[in-house]
Amino acid sequence: MKLVIHGKNIEITDAIREYVHQKIEKAVNHFQSITNEVDVHLSVARNPRITTRQAAEVTIYANGSVIRAEESSEDLYASIDLVADKIARQLRKYKEKRQDKKIHAPATSEVLVTEPVVTDLIGDRTPELPNEVVRTKYFSMPPMTVAEALEHLQMVGHDFYMFRNSETDEINVIYERNHGGYGVIQPRNGNGHTNGKNGKATHGDVVMQEKSPSHKV
């Protein structure tokens with residue numbers, strides 16, 4: 001198992017490195033058969049107004065899936081303890097889901113309610129963007145269904161998850177709605193897809209589909 005440690009606004013001392021190895025390796029010890037790489041990111045906020053300034057983030061790459069956990073506190077070692085416990089629970093849940101899928105192969109039907117094209121995704125909010133790109137990440141995108149993408153979204157703990165739709169071979173985004181449920185953003189190319197006035201689609205349009213909490217993706 002490959003374990004990589006990064007630091008932001010903090011020096012990764014031998015003591016910190018040894019503590020991370022001890023805690024994280026213990027957390028993933030029972031899941032090494034499905035764990036390919038562990039990425040640990042430690043950071044200290046420079047803003048003195050932030051009380052929980054010491055953060056520990058763990059990202060695990062497991063057989064094509066990404067499992068992520070993050071915790072912060074006033075003490076870095078406490079944050080490492082918290083994130084180790086959390087990532088162990090995430091791995092346990094992931095393994096149980098895999099085993100459950102092998103035992104039961106459910107035939108699920110996906111029902112997505114098509115909504116009109118939304119041209120203004122910002123509304124009355126003021127967009128705030130950084131002056132420059134501060135970080136670039138690269139991820140493999142194996143084709144998956146919307147249901148599988150939802151599982152990945154829940155594992156990484158983010159508000160959205162980008163994936164390649166196995167049915168259309170297009171890049172989609174599944175996201176958590178503020179008022180409950182999930183939505184899917186997908187491109188519309190005008191090749192048989194119709195949504196909007198007169199059934200006409202314009203190349204480059206974005207289709208937003210939402211699912212209420214009562215449906216299971």
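A nonpolar surface patch joins nonpolar side chains (Val, Leu, Ile, Met, Phe, Trp, Tyr) within 5 Å, from residues with over 30% relative accessible area and no salt bridge, a salt bridge being a side-chain nitrogen of Lys or Arg within 4 Å of a carboxyl oxygen of Asp or Glu. The model is predicted: local features need pLDDT of at least 70, and side-chain atom pairs count only at pLDDT 80 or more, whereas totals for chains, interfaces and linings use all residues. Residues are numbered from 1 along each chain as its sequence is written, and side-chain values use heavy atoms, without hydrogens and water.

**Exercise 1.** Describe the order of helices and strands in the protein.

*Solution.* Helices (H or I, at least four residues) and strands (E, at least two) are DSSP runs, numbered from the N terminus. The protein has 3 helices and 10 strands. Read from the N terminus, the order is β-α-β-β-β-α-β-β-α-β-β-β-β.

**Exercise 2.** State what share of the residues is buried and what the protein exposes.

*Solution.* Buried means under 20% relative accessible area, exposed over 50%, and partly exposed in between (1.4 Å probe, protein chains only). Of the 217 residues, 33% count as buried. Accessible areas come from the Shrake-Rupley method with a 1.4 Å probe, and for residues only the protein chains shown count as cover. The protein exposes about 14300 Å², of which carbon and sulfur atoms supply 48%.

**Exercise 3.** Identify the residues of the nonpolar surface patch.

*Solution.* The patch consists of Met141, Met162 and Ile171, with about 220 Å² of accessible area together. Ile171 belongs to strand S8 and is partly exposed, at a relative accessible area of 33%.

**Exercise 4.** Locate the aromatic pair and characterise its geometry.

*Solution.* Rings of Phe, Tyr and Trp (its six-membered ring) pair if their centres lie within 6.5 Å; planes under 30 degrees apart count as stacked, over 60 as edge-to-face and the rest as tilted. The count by this rule is 1 aromatic pair. Tyr19 and Tyr77 form an edge-to-face pair, 4.8 Å centre to centre with 80° between the planes. Tyr19 lies in helix H1 and Tyr77 in helix H2 (residues 76-103), so the pair ties together parts 58 residues apart in sequence. Tyr77 is partly exposed, at 30% relative accessibility.

**Exercise 5.** Place the non-glycine residues Asn9 and Asp169, each with a positive phi.

*Solution.* Most residues other than glycine have a negative phi. Asn9 has a phi of about 60° and sits in the loop between strand S1 (2-8) and helix H1 (14-27). Asp169 also has a phi of about 60°, in the loop between strand S7 (160-165) and strand S8 (171-176). Asn9 is partly exposed at 37%, whereas Asp169 is exposed at 52% relative accessibility.

Technical notes
Patches are made of residues with over 30% relative accessible area and no salt bridge: like charges are joined within 9 Å, nonpolar side chains (Val, Leu, Ile, Met, Phe, Trp, Tyr) within 5 Å.
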